[in-house]
Structure formats: C-alpha cells, structure tokens
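The following exercises are intended to be worked through with the sequence and the coordinates at hand. Each task is followed by a solution in steps.

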Amino acid sequence: MDNIFDNNNYNSDSFNDGTEELIYDNVTEHVSDELYEGGKNEKVDAKSLVLDLTGVASREEFHRRVRDVFGLPQYYGNNLDALHDCLTDISEKTVVIIKGSDEAEDSVKAYVERFLMMCTDVAEENENIIFFTAE
C-alpha cells in the first residue's frame, strides 16, 4: 500500500476485505503524525473510504464511482477541477484508500494518473485527508 504523497512502499497482500482493520492496524503506523494528535498516541476518529477503480472503463464511470464513495451531490461537475474543490473542502479526518488504479481500462489510464496527481495536491492543501493506493 502506498501513501501517494509519501512514495513509501507499504504493499499489503491482506487488502481483500476488513478495510477498517487495515486502516487502523497497518496504515496508522505509517501516518501516525496525521492520525494521532500531538504524539499523545490517542487515535483520532477518521472516516475511512475505499475508492475501487478496478476495471473503470470511462470518465463517466470514474466520476460515478467517485461521487458514490465521497457522497457528492448529483450536480457535481464530473471533472477533476470540481473534484479537487470538493476534496479540499473536507473538514473531518478522512483516510482514502484507492484500490485498482492500475487495473483501469487503457482508455482512462491517463485520466486516473491525473487523478492520482490531483490527490497529491489535495493532500498538501488539506491536512484532513490522507490518500493511499492499494494495488
């Protein structure tokens, strides 16, 4: 599993189900500064989301999955600029695991790569959101 804004490689073969356990058992040890307040070793409640991009075949399908996972309204703009704005507005601690980005159809691979770069920008702008990829 990779923290997309840290580029450390934390691959985990155990990412099949039990996402909540994975986040608190494996991920938090690598993002303790982000998820633990002031080094007090007290867990901060964090919302956890899994965005599964396995087999995504079009931009429309990509944005439908994003809208469903993040609970975005139907009028969401279905583009990366609109998504950037929505994600930088997140005000609660949120861990997002992006699964299957390397398994997107060829027709949208470049778009998914742009999305991952956008996630890096979002994480730098909004301390409440942390992204990981699980491949």
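The model is predicted.

**Exercise 1. State which elements the buried residues of helix 5 pack against, and check the length of the helix.**

Solution.
- Step 1. The buried residues of helix 5 pack against strand 2 (47-52), helix 3, helix 4 (80-88), strand 3 (94-99) and strand 4 (129-134).
- Step 2. The residues concerned are Tyr111, Val112, Phe115, Leu116, Met118, Cys119, Thr120, Val122 and Ala123, which are buried.
- Step 3. An α-helix has 3.6 residues a turn, so residues three or four places apart point the same way. Val112, Phe115, Met118 and Val122, among the buried residues of helix 5, can be inspected with this in mind.
- Step 4. Helix 5 covers residues 109-125, that is, 17 residues; at 1.5 Å a residue a span of 24 Å is expected, and the end C-alpha atoms lie 25 Å apart, which agrees.

**Exercise 2. Describe how strand 3 is paired and how it is linked with helix 5 and strand 4.**

Solution.
- Step 1. On one side of the pairing list, strand 2 and strand 3 run parallel and are joined by six bridges. Leu49 has Val96 of strand 3 as its bridge partner.
- Step 2. Strand 3 and strand 4 also run parallel, and six bridges join them. Within strand 4, Ile129 is the bridge partner of Thr94, and Ile130 is that of Val95.
- Step 3. Together, strand 3, helix 5 and strand 4 form a β-α-β unit that is right-handed.

**Exercise 3. Determine how far strands 3 and 4 are enclosed, and assign the side chains of strand 4 to their directions.**

Solution.
- Step 1. In strand 3, five of the six residues are buried, so this strand is largely enclosed by the rest of the structure.
- Step 2. In strand 4, six of the six residues are buried, so strand 4 too is largely enclosed by the rest of the structure.
- Step 3. In a regular strand the side chains alternate between the two faces of the sheet. In strand 4, Ile129, Phe131 and Thr133 point one way, whereas Ile130, Phe132 and Ala134 point the other way; all of them are buried.

**Exercise 4. Characterise the surroundings of His63 and of helix 4.**

Solution.
- Step 1. His63 belongs to helix 3 (residues 59-70). With a relative accessible area of 1%, His63 falls under the 20% cut-off and is therefore buried.
- Step 2. Leaving aside residues up to four places away in sequence, His63 touches Tyr76, Asn78, Asn79, Leu80 and Tyr111. With Tyr76 there is a polar contact between the two side chains, at 2.8 Å.
- Step 3. Two of these neighbours lead on to helix 4. A side-chain oxygen of Asn79 comes to within 3.0 Å of the backbone nitrogen of Asp81 at the start of helix 4. Leu80 is buried in helix 4, as are Ala82, Leu83, His84 and Leu87.
- Step 4. The buried residues of helix 4 pack against helix 3, helix 5 and strand 4.

**Exercise 5. Summarise the chain as a whole and state the confidence of the prediction.**

Solution.
- Step 1. The chain has five helices and four strands, in the order β-α-α-β-α-α-β-α-β from the N terminus.
- Step 2. Of the 135 residues, 44% are buried.
- Step 3. The mean pLDDT of the chain is 78, and 66% of the residues reach 70 or more. Over residues 1-16 the pLDDT is below 50, although this stretch has 45 contacts in the model beyond near neighbours in sequence.

Terms used:
Residues are numbered from 1 along each chain as its sequence is written. This is a predicted model: local features need pLDDT of at least 70, side-chain atom pairs count only at pLDDT 80 or more; totals for chains, interfaces and linings use all residues. Side-chain values use heavy atoms; hydrogens and water are left out. Helices (H or I, at least four residues) and strands (E, at least two) are DSSP runs, numbered from the N terminus. Buried means under 20% relative accessible area, exposed over 50%, partly exposed in between (1.4 Å probe, protein chains only). A polar contact is a pair of N or O atoms within 3.5 Å; within protein, one must be able to donate a hydrogen and the other to accept it, and residues adjacent in sequence count only if both atoms are side-chain atoms. Contact means heavy atoms within 4.5 Å. The expected span of a helix is 1.5 Å times one less than its number of residues. Two strands pair if DSSP finds at least two bridges between them. A crossover is right-handed if, with the strands pointing away from the viewer, the path from the first strand over the helix to the second runs clockwise. pLDDT is the predictor's confidence in each residue, from 0 to 100.
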